[in-house]
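Hello,

Here is the structure I promised to pass on to you. Have a look at it first, and then read on for what turned up in it.

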Amino acid sequence: MRSIFQALAVASAAMMVGAVGAPEADNDNGQLVGRWACTGQNRGMAFVSHFDYRPDGSYISNQQITFSPGNMIEGGGGGFWRLNGDVLTDTKTEGRLDRFIRNGVVVPEGDPEYQQVAAGARANLGATTQGRITLNGDRLTVGFYSCERQR
């Protein structure tokens, strides 16, 4: 159970790599707008994520986090983002758990552990984070993520 909550904590941070309200005129948003496919490793967990950064300063995301063989969570969220120079600021406004697999078996939504994991996915709503990113054409890195723009 502890590794599941560690996964959620890291996943929440990963989902919030970058927005505080609506975009401002001096933002560099155009560089980041679009769909990105990202992968990363952190604390023994593997992340596969997709982010859709929209021109209005909103984003949606989907993640799959594998934290040991046969144990995985899938979910996502959304919020608002802003890019100023090489700093991505993000405010998470929604979080969801789509699927939870424990020991190779899908955990039903009514299971108490599923409910705890789902609550963890929503735990950081309203939180704002910042991270430095490196943009190089259709590639970017942020934290432990490496991403490619999707066409």
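**What was found**

Of the 151 residues in the protein chain, 45% are buried, where buried means under 20% relative accessible area, exposed over 50% and partly exposed in between, with a 1.4 Å probe and protein chains only. Before you go further, please note that this is a predicted model, in which local features need pLDDT of at least 70 and side-chain atom pairs count only at pLDDT 80 or more, while totals for chains, interfaces and linings use all residues. Residues are numbered from 1 along each chain as its sequence is written, and side-chain values use heavy atoms, with hydrogens and water left out.

The protein chain has 2 helices and 9 strands; these are DSSP runs numbered from the N terminus, with helices (H or I) of at least four residues and strands (E) of at least two. Read from the N terminus, their order is α-β-β-β-β-β-β-α-β-β-β. The accessible surface of the chain comes to about 7,400 Å², and 50% of that belongs to carbon and sulfur atoms; the areas come from the Shrake-Rupley method with a 1.4 Å probe, and for residues only the protein chains shown count as cover.

**Strands and hairpins**

A good place to start is β4, residues 71–84. This strand is mostly covered, with 11 of its 14 residues buried. Its partner β3 runs antiparallel to it and is joined to it by 10 bridges (two strands pair if DSSP finds at least two bridges between them). One of the partnerships here is that of Ile 60 with Gly 78 in β4. The two strands form a hairpin with 2 residues between them, and Gly 70 in the turn has a positive phi of about 80°.

On to β5: 13 bridges join β4 to this strand, again antiparallel, and Gly 75 has Leu 97 in β5 as its bridge partner. The β4 and β5 hairpin has 2 residues between the strands, and Gly 85 takes a positive phi near 65° there.

β5 is also joined to β7 (residues 128–136) by 5 bridges, and these two run antiparallel. Thr 89 pairs with Gln 130 in β7. From β7, 4 bridges lead to β8, also antiparallel, with Val 142 in β8 as the partner of Ile 133. In the hairpin of β7 and β8, with 2 residues between the strands, Gly 137 has a positive phi near 65°.

**The second helix**

In α2 (residues 112–121), the buried residues are Glu 113, Tyr 114, Val 117, Ala 118, Gly 120 and Ala 121. Seen down the helix axis, they fall within an arc of 155°, so they line one face of α2; the arc is that of the directions from the axis to the C-beta atoms. Asp 111 caps the N-terminal end of α2, with a side-chain oxygen 2.7 Å from the backbone nitrogen of Glu 113.

**Core and rings**

The largest nonpolar core has 25 residues, and Leu 32, Tyr 53 and Phe 100 touch the most other members. Such a core is a set of buried Ala, Val, Leu, Ile, Met, Phe, Trp, Tyr and Cys residues joined through side-chain atoms within 4.5 Å. Strand β2 gives the most to this core, with 4 residues.

There are 7 aromatic pairs in the structure. Rings of Phe, Tyr and Trp (its six-membered ring) pair if their centres lie within 6.5 Å; planes under 30 degrees apart count as stacked, over 60 as edge-to-face and the rest as tilted. Phe 51 and Tyr 145 have ring centres 5.9 Å apart and planes at 85°, so they are edge-to-face. Because Phe 51 lies in β2 and Tyr 145 in β9, the pair ties together parts that are 94 residues apart in sequence. Both of these residues, Phe 51 and Tyr 145, are buried. The rings of Tyr 53 and Tyr 59 have centres 6.0 Å apart and planes at 40°, so this pair is tilted; Tyr 53 and Tyr 59 are buried too. Ring pairs link Phe 47, Phe 51, Tyr 53, Tyr 59, Trp 81, Phe 144 and Tyr 145 into a cluster.

Enjoy exploring it!

Best wishes

Technical notes:
A polar contact is a pair of N or O atoms within 3.5 Å; within protein, one must be able to donate a hydrogen and the other to accept it, and residues adjacent in sequence count only if both atoms are side-chain atoms.
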